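Visitor: I would like to go through this protein with you, one question at a time, beginning with its charged side chains.

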Amino acid sequence: MPSQASLTLPRPGASGRRGPHLDTAAVLVMEIAREVRDPSVTEDRILRLLNRALLDVAGRVRLPGLFTENTVVLDPGAQAVDLPADYHHGLTEVVCLTTRRRLSLAFGLEELARRGGSAVRTSGASRPLAAAAMGAKLLVRPVCDTPTVLLARYFRLPAPMEADTDRPDGLPAHLAPELLITRVCRDLFEGLEEGAAGAKVQTGRFEVRFETAMDRLRIFAGEALALDEPVPDVLGFCRLGDLT
């Protein structure tokens, strides 16, 4: 009987699912221990260094998987409000939900004052015009005497790995092992080779591999979208002239 060609379609509910990856916290710890081969390096220490490396790497690059948004409420007369607890870096946009307008982002106190006015002026008729992230605070100008709800978009903290089955949060699966293993091995060998005669061979070797992986991560993440210039307001929140 002649064979009949068939077309395999995705099963309902299965589309978009990711296959299992073996690079869990337990596997990463085991691979690092195998590379270092030093009895003084415990699994708990390796896991702590893995989470520190994850936090550092996520802070260097704007990873698409860690992009999020959250709301904060600015009290009447307040000049600043705490950013969401999971804020890490890279504030990209602030929208005032109270007035339905996007705020102009500033990158310092001087620019904030120039764009938003005085920090002490309060007026019921005023509306927030500019915002800036300073550490874990969101500064807003001008200061208003009514409660203001702000929507902030930013890159959040990655979730730490705690259980053996946890995977690196936010990192692409094809780069996470090389990034974290080489970074932790570099940190460990930097201490283990301290005082040794000659160059720190292992430290240097893992440093080169880590920086190469970081370059690949930057290419993967791409350049973040700049929101300094006005964009068409398709939702009708405000007129284009209000953004300048």
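Visitor: In this predicted model, is Asp-56 buried, partly exposed or exposed?
Guide: A residue counts as buried under 20% relative accessible area and as exposed over 50%. Asp-56 has a relative accessible area of 27%, which lies between these cut-offs, so the class of Asp-56 is partly exposed.

Visitor: With which side chain does Asp-56 meet in a salt bridge at 3.1 Å, N to O, and how are the two placed in their helix?
Guide: The two residues sit 4 residues apart in helix H2, which means that about one helical turn separates them. The other member of the pair is itself partly exposed, at 37% relative accessibility. The side chain that meets Asp-56 in the salt bridge is that of Arg-60.

Visitor: Arg-60 also forms a salt bridge in which the closest N and O atoms are 4.0 Å apart; which residue is the partner?
Guide: This pair links distant parts of the chain, since Arg-60 is in helix H2 and the partner is in helix H5, 151 residues apart. The partner counts as partly exposed at 28% relative accessibility. The residue that forms this salt bridge with Arg-60 is Glu-211.

Visitor: Which residues are linked with Asp-56, Arg-60 and Glu-211 in a network of salt bridges?
Guide: The count of salt bridges in the protein comes to 14. Asp-56 and Arg-60 form one of them, and Arg-60 and Glu-211 form another. The other residues linked in this network are Arg-183, Arg-186, Asp-187 and Glu-207.

Visitor: Which residue meets Arg-218 in a salt bridge?
Guide: The two residues are 3 residues apart in helix H5 and are therefore separated by about one helical turn. Arg-218 is partly exposed, with a relative accessible area of 36%, and the partner also counts as partly exposed, at 44% relative accessibility. The N to O distance in the salt bridge is 3.1 Å, and the partner of Arg-218 is Asp-215.

Visitor: Around the axis of H5, how wide an arc do the buried residues cover?
Guide: Helix H5 spans residues 201–221 and reaches 31 Å from its first C-alpha to its last, close to the 30 Å expected at 1.5 Å a residue. The buried residues of H5 are Thr-203, Phe-206, Phe-210, Ala-213, Met-214, Leu-217 and Ala-221. They lie on the same side of H5, because the arc they cover around the axis is only 110°.

Visitor: Which helices do the buried residues of H5 pack against, and which exposed residues are on the face turned away?
Guide: On the buried side, the packing partners are helix H1 (25–36), helix H2 (43–60) and helix H4 (176–192). The face of H5 turned away from this side carries the exposed residues Val-201, Val-208 and Ile-219.

Visitor: Within what arc do the buried residues of H1 fall?
Guide: In H1, the buried residues are Ala-25, Leu-28, Val-29, Ile-32 and Val-36. Seen down the axis, these residues line one face of H1, because they fall within an arc of 100°. What covers the buried residues of H1 includes H2 and H4, while the arc itself is 100°.

Visitor: What is the phi of Arg-37, the residue that follows H1?
Guide: Most residues other than glycine have a negative phi. Arg-37 lies in the loop between H1 and H2 and counts as exposed, at 67% relative accessibility. Although Arg-37 is not a glycine, its phi is positive, at about 55°.

Visitor: Is Leu-171 buried or exposed, and how far is its C-alpha atom from that of Leu-54?
Guide: Leu-171 lies in the loop between S8 and H4 and counts as buried, at 9% relative accessibility. Leaving aside neighbours within four places in sequence, Leu-171 is in contact with residues including Leu-54, Val-57, Leu-63 and Leu-217. Leu-54 and Leu-171 are 117 residues apart along the chain, and their C-alpha atoms are separated by 8.3 Å.

Visitor: What is the omega of the peptide bond from Arg-141 to Pro-142?
Guide: Most peptide bonds are trans. Pro-142 is found in the loop between strand S7 (137–141) and S8. The bond from Arg-141 to Pro-142 is cis, with omega near -10°.

Conventions
Residues are numbered from 1 along each chain as its sequence is written. This is a predicted model: local features need pLDDT of at least 70, side-chain atom pairs count only at pLDDT 80 or more; totals for chains, interfaces and linings use all residues. Side-chain values use heavy atoms; hydrogens and water are left out. The expected span of a helix is 1.5 Å times one less than its number of residues. Buried means under 20% relative accessible area, exposed over 50%, partly exposed in between (1.4 Å probe, protein chains only). The arc is that of the directions from the helix axis to the C-beta atoms. Contact means heavy atoms within 4.5 Å.
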